[in-house]
Amino acid sequence: MCVDKLNAQTPCDGLLPLTIGTVSVTEVDPGAIHAVSAFQGQAKSLSEAMKAAHGMALPAPNRATGKSGARAVWFGPGQTMLIGPAPDPSLSAYAAVVDQSDAWAVVRLEGDGAEDVLARLVPVDLRPQNFKRGYTARTLLFHMTASITRVGEKAFQIMVFRSMATSLVNDLQRAMEGVAARG
Amino acid sequence: MRITCPYCGERDRREFYYRGAAVDLDRPAPDAGPEAWDDFVYLRDNPAGETRDLWYHEGGCGAWIVVTRNTLTHEISATEPASGGKR
């Protein structure tokens, strides 16, 4: 066995980047990804510890805190995904911290009409008047469960299970072609 | 059909999985006797009117939700987390 010849691949290796019309998809190197779930009644202390260690509070439901390179994204009741930095050991006093690095495909969808592309796939209103920067949604992207966060005026961060990376790119590409064809 | 998730807000029905009557939340004690268990496992009401269902926000935040709806009018009058308090 030539174990020394194994090379790590990103989830969307060979699939991205992709630009169709005015919209592009690029793969994001998210850094570390950890699920952080506060113990019963410890959400406040956890938020304080997050602020002290990583400079961002625990996000409220349907919101994300932080910025590119270090984000905390609400992922469900009592669950936050810390994306970017390795979690500070102090968090473990208030929360279960589980390493999920490499389990998620993370992409950035950007450009004029990015909402129109997602409107073909996602049953949630993601237009800027209803879904501002820092808003996040756990929802479906076509048939996949996904986490969608607005990270810029015309930019979204999309996360799906790593095993779904090919389907994600395929579905985004089809929707992008449809939007571009309308001119 | 739209269902209001207590966490995510109003969402499309396709994000949810239907479990059944919310009797699952009223599980009898292990020693409650065969009659109570027979009732819990097999016997279901079929109300013409208000009913309480368990739905799972599968394509969303993963919360179990108690949905109170009317089988005659299809009106949904309330949704709440099955876990009781919000987290």
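Which residue is the bridge partner of A:Ala35 in strand 6 of chain A? In this predicted model, the partner is A:Met81. The pair belongs to strand 3 (residues 32-38) and strand 6 (residues 79-84) of chain A, which run antiparallel to each other over five bridges.

**Chain A**

Strands 3 and 6 are part of an open sheet of five strands in chain A, ordered 4-5-6-3-7 with antiparallel pairing. The edges are taken by strand 4 (64-67) and strand 7 (95-99) of chain A; each has a single partner strand, so one side of each is left without a neighbour in the sheet. On average, neighbouring strands of this sheet are turned by 20 degrees against each other, direction ignored.

Helix 1 (residues 43-54) of chain A lies across strand 3, strand 5 (70-76), strand 6 and strand 7 of the chain. The helix runs at about 150 degrees to strand 3 of chain A. Within helix 1 of chain A, A:Lys51 and A:Glu48 are three residues apart, about one turn of the helix. A:Lys51 forms a salt bridge with A:Glu48, and their closest N and O atoms are 4.0 Å apart. Over all chains, a search of the whole structure finds 12 salt bridges.

Two backbone details of chain A lie outside its helix and strands. A cis peptide bond, with omega about 10 degrees, joins A:Leu16 and A:Pro17. A:Pro17 is placed in the segment before strand 1 (18-20) of chain A. The loop between helix 1 and strand 4 of chain A holds A:Asn62. Phi of A:Asn62 is near 65 degrees, a positive value in a residue other than glycine.

**Chain B**

Chain B has one helix and six strands. From the N terminus on, its elements follow the pattern β-β-β-α-β-β-β. Taken along the principal axes, the C-alpha atoms of chain B fill a box of roughly 40 × 30 × 20 Å.

Four strands of chain B form an open sheet in the order 3-4-5-6, and the pairing is antiparallel. Strand 3 (17-21) and strand 6 (76-81) of chain B stand at the edges with a single partner strand each, so one side of each is left without a neighbour in the sheet. Here the average turn between neighbouring strands is 30 degrees, direction ignored. Strand 5 (residues 64-70) of chain B pairs with strand 6 of chain B in the antiparallel sense over five bridges. B:Val67 stands opposite B:Thr79 of strand 6.

The sheets of the two chains are listed below.

| Sheet | Strand order | Pairing |
|---|---|---|
| Chain A, open, five strands | 4-5-6-3-7 | antiparallel |
| Chain B, open, four strands | 3-4-5-6 | antiparallel |

**Interface of chain B and chain A**

How many residues of chain B are in contact with chain A? There are 13, and they touch 14 residues of chain A. The area buried between the two chains is about 1,100 Å², and carbon and sulfur atoms give 58% of this area. By class, the side of chain B that touches chain A has four nonpolar, two polar and seven charged residues. Despite those charged residues on the chain B side, the rule finds zero salt bridges across the interface. Three residue pairs are found in polar contact across the interface, with both residues at pLDDT 80 or more.

Key:
Residues numbered from 1 in each chain as written. Chains lettered and ligands numbered in written order. Predicted model: local features only at pLDDT ≥ 70, side-chain atom pairs only at ≥ 80, totals over all residues. Heavy atoms only, no water. Contact = heavy atoms within 4.5 Å. Buried area = accessible area lost by both parts, 1.4 Å probe. Salt bridge = Lys/Arg side-chain N within 4 Å of Asp/Glu carboxyl O. Polar contact = N/O pair within 3.5 Å; in protein donor to acceptor, adjacent residues only side chain to side chain. Nonpolar A, V, L, I, M, F, W, Y, C, P; charged D, E, K, R; others polar. Pairing = 2+ DSSP bridges. Axes fitted to C-alpha atoms, helices over the stretch in contact; angles between N-to-C directions.
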